[in-house]
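Hi there,

Here is the structure I promised to pass on to you. Have a look at it first, and my notes follow just below.

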Amino acid sequence: MKTVLSLACVATLATAPTLAQEAAEADMRTIQLRMSAEEIRADIETLSSSAFEGRAPGGIGEEMTVSFIAGQFAEAGIRPGMDGSFYQAFELTAFAPAGQGEFGIDGPDGPIPFTAADDYVLYAGQPDAELSLADSRIIVGGFGIRAEEEGWDDYGEVDLSDATVILFRGDPGTATGDETLFGGQALSVHGLVDTKNDLAAGLGAEAVLLVHTDESAGYPWESLSSGGASGTQYFLEADDDASLTLFAHVSEPAARRLLAAAGLDYDTVYAAAAAPGFTAIETSLDASGAHAGSVSTTTTRNVIGMIEGREAADECLVYTAHWDHMGVNPDAPTEDHIFNGALDNATGTAMLINIARAFGALESAPRRSVYFFATAAEERGLFGAKYFVQNPPCPLPQIVGALNMDAHFPYADQYAAMVVPGLGTNELMAELEPVAARFGRVLVDDSNPQAGGFYRSDHYPFIAAGVPGLYAVGAPSAEQAEADPTIGEGFGWYMANGYHHAADEVDRPYTWRVGGLTDDARIYFELGWRLASSNRWPNFTPGTPWLAMRDEMRADASQ
């Protein structure tokens with residue numbers, strides 16, 4: 001689904017606008033033009049200040065962040081969205097590691113060199129103070145997929161009990177580009193890390209070693225080894241499902257060494273794993289590892305404000321942006337241990353605040369209710385969005401859609417394009433097309449869909465529950481990037497040095513140009529206003545796995 005949908009697929013019969021509609025449109029446009037790059041930048045600077053301690057769940061950083069967001073909502077005339085409160089609290093279990101942990105591999109000829117940060121980054125598979133495994137036999141599990149609808153089973157009859165499984169990121173479709181395998185280049189749900197880990201754990205595995213490549217992950221190894229992703233871990237809730245003991249990202253060079261020590265050629269195994277008929281390979285290697293830390297329970301909070309619709313208050317549009325980042329990691333291998341998260345995601349949160357201000361300034365509320373949802377613990381597993389979807393203040397069948405803002409780029413005064421991961425999967429994207437065009441933008445799909453960006457932000461829990469969602473971010477066209485190389489330099493610097501690094505700060509690598517980002521906010525405001533002012537119900541497109549779920553919930557709601 002690489003083409004942009006025609007707006008005709010969702011348009012209702014055209015009628016001449018009334019005077020009241022014309023006045024509302026004029027009011028919206030006046031407020032839209034007042035949305036200020038200076039105000040957005042000021043909010044980004046506040047949220048990414050070191051005083052906010054990297055906005056991790058719990059502690060003073062969270063308290064300052066959620067208080068600031070709720071205060072800005074209140075000043076804008078936005079009502080509390082949760083039974084008189086701006087906060088939706090939920091509990092997380094925290095695992096604060098005491099160091100990097102240890103993981104070793106033994107082969108027929110003795111220990112194989114395997115070094116923390118250079119070769120692997122270790123995580124707890126479950127929130128226990130002491131985690132260990134010993135003499136765990138190593139199995140190469142290919143892509144770690146069991147998918148009946150694809151006729152695919154990487155494990156077959158191989159016993160994973162107490163094993164450590166080496167897995168490749170992605171799925172056979174992303175590895176080969178073959179459209180007949182798992183939908184081709186765009187990552188499928190079977191390629192998600194959580195899907196792989198849950199399957200392996202359910203089959204009895206103790207640990208997973210996931211092979212990292214920059215292409216398959218969408219970010220460089222240094223984003224893991226720099227410490228931004230290896231601080232305190234959070235778990236949403238305990239359940240009865242099986243869990244891994246340990247999990248590790250493994251660099252590609254290290255994975256090549258491990259397979260060579262087992263008498264296997266990495267490229268040959270990778271090609272075999274991407275082809276039908278692969279079965280997991282037992283090796284002569286064994287793994288041992290340990291990780292320790294303190295375990296505690298912390299309460300974190302989603303921040304939710306709303307404007308009640310004037311005619312259909314029970315129908316709702318939801319804006320989302322995650323307020324959290326990586327916090328402080330005293331074990332980070334850099335002098336700066338505060339992960340400020342200016343781009344990720346003080347930008348999206350500042351946009352959310354300014355869009356709320358714009359709605360608050362309207363002379364009359366739109367037809368439908370609008371929720372402004374600053375999500376908690378996105379960086380830890382989309383936990384805030386998942387909790388909201390499980391406990392929504394507006395029933396899921398009554399949510400028109402979720403418009404998500406995450407990591408918008410401050411590298412141009414304006415952009416000629418807008419990247420929409422999963423472009424064409426639902427009709428919200430058709431609604432976006434003419435709004436973006438008014439700002440001189442064309443919609444384009446993610447250039448690296450195999451990395452799974454479609455699944456890795458807060459719109460996806462809504463989609464998985466049957467509610468259309470989108471994430472769109474301003475970007476240069478090829479011609480614009482060629483004419484202004486500094487835009488590409490900013491993008492390149494961020495992915496190499498800023499993403500989940502302590503260096504993600506305002507005005508790095510050069511003075512930010514927030515005009516394009518401000519237009520992102522204006523586009524989101526207009527899109528949401530049009531949806532909230534209409535009676536349209538954008539749906540998923542034919543062939544997507546969520547269409548039947550949405551049709552069923554809407555049919556039940558209409559009865």
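Let me begin with how the chain is connected to itself: among contacts between residues at least 6 apart in sequence, 83% join residues at least 24 apart. Please keep in mind that this is a predicted model.

**The overall picture**

The chain has 17 helices and 22 strands. Its C-alpha atoms fill a box of roughly 80 × 50 × 50 Å along the principal axes. For 559 residues, a compact globule would have a radius of gyration near 24 Å, and the chain agrees with this because its own value is 24 Å. Of the 559 residues, 57% count as buried. The accessible surface comes to about 21400 Å², and carbon and sulfur atoms account for 51% of that.

**Strand β13 and its partners**

If you want a place to start looking, try β13, which covers residues 281-307. Several strands pair with it, and each pairing described here is antiparallel.

- β1 (residues 79-80) is joined to β13 by two bridges, and Arg79 has Met306 as its bridge partner there.
- β2 (residues 87-97) is joined to β13 by 11 bridges, with Gln88 standing opposite Asn302.
- β3 (residues 102-107) is joined to β13 by five bridges, and Gly104 stands opposite Ser288.
- β6 (residues 130-140) is joined to β13 by eight bridges; here Glu130 stands opposite Ala292.
- β17 (residues 368-375) is joined to β13 by five bridges, and Met306 stands opposite Tyr371.

Met306 therefore turns up twice if you follow the pairs in the viewer: it is the bridge partner of Arg79, and it stands opposite Tyr371 in β17.**Helix α1**

Helix α1 runs over residues 19-34. At 1.5 Å a residue, its 16 residues should span 22 Å, and the end C-alpha atoms are 23 Å apart, which agrees. Which residues of α1 are buried? They are Asp27, Met28, Ile31 and Gln32. Seen down the axis of α1, the buried residues fall within an arc of 135°, so they line one face of the helix. The general rule behind this is that an α-helix has 3.6 residues a turn, so residues three or four places apart point the same way.

What do the buried residues of α1 pack against? Their neighbours are α10 (342-361), α12 (428-438) and α16 (515-533). On the face of α1 turned away from the buried side you will find the exposed residues Leu19 and Leu33.

**Two cis peptide bonds**

The peptide bond from Asp344 to Asn345 is cis, with omega near 0°. Asn345 is found in helix α10, one of the helices that the buried residues of α1 pack against. A cis peptide bond also joins Arg508 and Pro509, with omega about 10°. Pro509 sits in the loop between α15 (485-498) and α16.

**Two alanines with positive phi**

Ala117 has a phi near 75°, a positive value in a residue other than glycine. Ala117 is in the loop between β4 (110-112) and β5 (120-124). Is Ala117 buried or partly exposed? Ala117 counts as partly exposed, because its relative accessibility is 22% and buried means under 20%.

Ala377 also has a positive phi, near 55°. Ala377 lies in the loop between β17 and α11 (383-390). Ala377 is buried, with a relative accessible area of 0%.

**A buried histidine**

One more residue to click on is His325, in the loop between β14 (312-322) and β15 (327-328). At 0% relative accessibility, His325 counts as buried. What is His325 in contact with, leaving aside its neighbours within four places in sequence? The residues in contact with His325 are Gly54, Arg55, Ala56, Phe339, Asn340, Gly341, Asp344, Glu379, Arg380, His500 and Asp504. Asp344 in that list is also a member of the cis peptide bond with Asn345.

Happy browsing, and do write back with any questions.

Best wishes

How values were computed
Residues numbered from 1 in each chain as written. Predicted model: local features only at pLDDT ≥ 70, side-chain atom pairs only at ≥ 80, totals over all residues. Heavy atoms only, no water. Pairing = 2+ DSSP bridges. Helix = DSSP H or I, 4+ residues; strand = E, 2+ residues; numbered from the N terminus. Expected span 1.5 Å × (residues − 1). Buried < 20%, exposed > 50% of the residue type's maximum accessible area, 1.4 Å probe, protein only. Arc of directions from axis to C-beta. Contact = heavy atoms within 4.5 Å. Rg over C-alpha atoms; globule rule 2.2 N^0.38 Å. Areas by Shrake-Rupley, 256 points an atom, 1.4 Å probe, with all protein chains shown as cover.
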